[in-house]
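Me: Could you take a close look at one part of this model for me? I'd like to hear how the strands pair up.

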Amino acid sequence: MPDDINTDDREDTVPSKILAWSKSRPLWQRDALRRIVQNGYPDAAALDELLALCKKEHGDNSVTLTAKPLSKDQLPVDPGAGESISLASITNVAGVNQLASGQTLDFEQNGLTIVYGQNGTGKSGYTRILKNACRSRHAGEIMPDVYSTPPSGAATADLNISRAGGAIETVPWKDGDDPAEMLSAITVFDRDAASVHVQKKNEVWFRPFGLDIPDDLAGVCQEIKTRLTTEKETLEEQRNAAFANPIWSSRSPLGKALSALQHDTDIAAITPKDPFTDADEARLTKLQGDLAQDPAVAAQTQRDYATRLDQLETYLKRIEQALNDAAIQALHTTKKSADDTRTAANTAANEAFSGLALEGVGESVWRTLWESARAYSKIAHDDGVDFPPASGDVCVLCHQKIDEPTAERMLGFEEFIKKDTETKATEAERVYQEAEQKFRAVAIHVNKVSAAYRSLKNGNFALSKRVLHYLAIARLVQCQTLALLNDKEVSNPIALPVTPADAVKAEAEQTRTYAASLEDDSSGAAREVVLDELAELQDHKQSRKLLDITRTEIARLAAVKRTEDCLRDTSTTAITRLGNEIADNLITPRMRDRFQQEIVELAGSRVRVEVVRSGGKFGSPQYEVRLYANPKAKVHDVLSEGEQTCVALASYLTELANAVHTSALVFDDPVSSLDHRWRSKVAKRLASEAGVRQVIVFTHDMIFVNDLAQLAMERNTPIALAHLTRGQDVVGIVNKDLPWTASSIRDRIDKLEKAAREAKRLFDLHDDEGYKLAVTSLYSKLRATWERALEDIVFANVIMRHRDYINTKRLKQVTALEEGDVQTFQTGFQKCCDFVDAHDPSRGHDAEPPEPSEVMGDIQVLKDWSEALRVKMNRVS
């Protein structure tokens with residue numbers, strides 16, 4: 001079966017205009033529109049959700065709700081000119097309140113259906129099904145039976161419908177699913193759907209369907225705005241007092257960032273890259289101390305410190321010059337040169353003295369002894385002795401006389417010493433020894449510069465550690481180098497690191513600059529640099545605390561920004577434009593004239609009102625209902641509740657008059673709380689409408705039922721009657737026709753015949769007591785029916801109990817009554833009285849009830865009498 005009708009996506013209806021307009025609105029407003037269309041103005045819980053959705057749309061990731069925008073599936077659909085959708089029945093109801101299952105509620109498709117039920121018999125359950133299935137405004141929530149085990153699924157029902165009198169189609173409905181489009185052509189009227197509202201200021205406003213949607217949306221925006229304004233005020237109060245009275249300096253980078261904090265400030269970008277160290281603490285202490293002193297004294301102290309740093313720089317450079325790679329390499333080269341020349345000299349000595357009995361002549365030890373002997377010969381006598389001694393001289397060492405061979409050998413030794421190789425070797429060894437002594441003499445120890453080191457340690461601890469490390473390494477390099485020069489094995493020899501002399505020099509220069517700044521005047525650029533450094537160190541020291549404040553403030557600013565963005569969304573300017581456009585197209589002179597016609601038909605001249613534009617506020621223009629006689633009078637002070645209901649119904653029917661289809665109308669207790677004056681007016685209007693389209697009325701007012709039924713019969717409008725009753729733990733049990741007290745004569749006779757057949761069954765079963773009770777009850781109802789026949793047939797409904805008027809139009813028909821009719825009435829009525837326990841019977845009187853055939857005959861008498869009398873009365877013109 002097709003599930004839709006041809007709508008062509010028309011945008012000539014108010015709901016479709018609103019839907020098209022909404023597509024450019026924020027999602028939360030589109031969700032609000034859906035709620036307004038489906039359930040009316042949102043309650044507090046719904047407003048909470050809309051506020052959360054608004055915040056989510058502007059970046060609040062803590063919100064898990066998802067917006068559900070208004071769509072065409074929630075809007076009523078105009079089936080088109082010539083089309084009409086009528087209801088045939090509701091069946092297969094499950095999970096709706098306490099409604100009983102297995103029931104079928106039938107409707108007259110071409111006229112009027114009246115469904116009567118006392119309070120609590122299930123009328124609201126059926127109307128809620130229709131309101132939800134037909135996309136009605138203020139549809140309400142479908143609740144399961146709270147007294148029973150909850151159903152496993154959603155509420156369901158089948159709605160049997162027809163299009164323009166065509167074949168019956170079954171449309172399944174399930175609560176929560178999008179209802180079928182065709183059903184939205186059926187409209188439901190109740191107090192919630194009325195188009196007249198008593199505003200907070202107690203004015204009565206004309207609000208045609210759809211025009212109140214922008215008004216409600218504007219109201220939602222105002223409510224959201226109020227809540228957001230309160231939240232913003234709270235956020236402003238949460239601002240840390242430190243931002244009003246900063247605990248940071250405006251000079252430091254961190255302080256500047258805090259003073260210009262924004263909602264999107266990157267906390268990582270303003271976080272100090274390095275932690276606050278002991279050196280930072282020392283520097284901070286120094287700056288605080290220096291700036292607290294007399295500028296001249298503090299400056300001189302810094303210059304003294306710079307002078308000591310100059311001394312340390314010189315010392316470090318001297319060590320670097322003595323122990324750098326080039327110097328050590330030159331020392332090794334000198335050592336190698338001495339060793340090489342000595343090797344050459346030894347080779348020459350071996351060649352010269354190879355024939356001697358003793359080895360080692362000419363080598364280092366021998367040469368040392370030789371030179372020692374020469375030196376001794378010079379001091380042995382006052383005027384010295386020649387060396388080497390000549391033949392015949394006495395040796396100064398062994399005191400032996402020198403013979404010729406010995407003198408020749410010693411002369412050979414002297415000639416060897418004086419040769420070039422030996423001379424070079426001796427010179428090379430001298431040069432090396434001087435270089436080695438100079439290298440060894442380099443004093444490497446912090447004590448050599450203790451004063452400068454202590455000052456540096458106080459002023460720049462990190463640099464002092466570097467200097468100390470450099471000295472330690474330099475000392476190790478010196479020791480390793482000396483060991484290598486003495487041909488000792490050294491594992492993993494190290495090289496001298498880069499000297500910190502340049503760093504010390506820079507420290508000295510900075511110190512002198514710093515000294516100059518201390519002497520600078522209070523506005524000098526140099527002093528500003530120092531003050532900036534002090535501020536940066538102070539804020540760096542408290543950066544952890546400041547960053548904690550910053551994180552909280554950024555979060556607060558982000559919340560403020562989000563709130564301000566949300567507040568911009570609550571502007572009602574666009575909504576007001578929409579309301580004006582709708583109003584200009586909708587509330588035309590023609591509609592106002594139709595409204596006047598409806599008011600006259602419902603209230604006659606008692607309610608003389610007109611629709612007048614009366615400004616506007618937050619969404620759409622207001623069209624006030626004013627009194628003709630006194631426009632300045634407060635309508636709410638003049639119109640009663642019944643009159644206001646008539647105005648509401650008038651506006652509702654006015655809107656329907658503009659529709660191009662004649663689909664079913666459903667009214668849920670349209671005369672609730674109204675007195676008989678207004679009930680009759682509403683009954684006439686609805687009976688008239690039932691001649692144009694299907695009208696279904698749910699009511700608990702029996703007088704209203706009788707008025708409607710009578711008016712429909714007078715207009716020959718097809719009518720269906722039903723009433724709902726309660727059962728054990730269930731409601732909504734469907735009964736055809738009306739309850740006994742409201743049934744027509746024909747309906748009562750039909751019920752009496754059924755009761756007679758049931759009594760005959762008891763008679764056949766020889767249940768005497770049961771039969772007697774059944775017959776007694778039957779004759780009681782038969783007597784009541786004779787009485788009702790007087791009102792409905794004999795007096796032609798000219799006079800009816802509880803009706804506020806006399807129907808003189810049928811008075812002439814009363815003349816059709818004849819003597820025989822009266823006699824038949826009296827006989828039948830009296831016989832009923834004889835079998836009715838109206839009074840306590842005598843103990844000796846225990847009459848037997850009539851047999852079944854006699855009972856059925858008495859019912860037939862009433863039936864024949866009533867039908868014959870109707871025929872005669874209808875002949876009277």
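Reply: Here is a walk through the strand pairing, one strand at a time. Keep in mind that this is a predicted model, where local features need pLDDT of at least 70, side-chain atom pairs count only at pLDDT 80 or more, and totals for chains, interfaces and linings use all residues. Residues are numbered from 1 along each chain as its sequence is written, and side-chain values use heavy atoms, with hydrogens and water left out.

Let's start with strand S1, residues 85-94. Strands here are DSSP runs of E, at least two residues long, numbered from the N terminus, and two of them pair if DSSP finds at least two bridges between them. S1 is largely enclosed by the rest of the structure, because eight of its 10 residues are buried (under 20% relative accessible area, with a 1.4 Å probe and protein chains only). S1 runs antiparallel to S4 (residues 156-163), joined by seven bridges, and antiparallel to S2 (residues 104-106), joined by three. Thr 91 takes part in both pairings: its bridge partner is Asp 158 in S4 and Thr 104 in S2.

Now for S13, residues 719-727. S13 lies parallel to S3 (residues 112-117), with six bridges joining them, and Val 115 sits opposite Ala 722 of S13. S13 also pairs with S14 (residues 730-736), this time in the antiparallel sense over five bridges. Gly 727 faces Val 730 of S14. S13 and S14 make a hairpin with two residues between them, and Asp 729 in that turn has a positive phi of about 65°.

Key
Helix = DSSP H or I, 4+ residues; strand = E, 2+ residues; numbered from the N terminus. Buried < 20%, exposed > 50% of the residue type's maximum accessible area, 1.4 Å probe, protein only.
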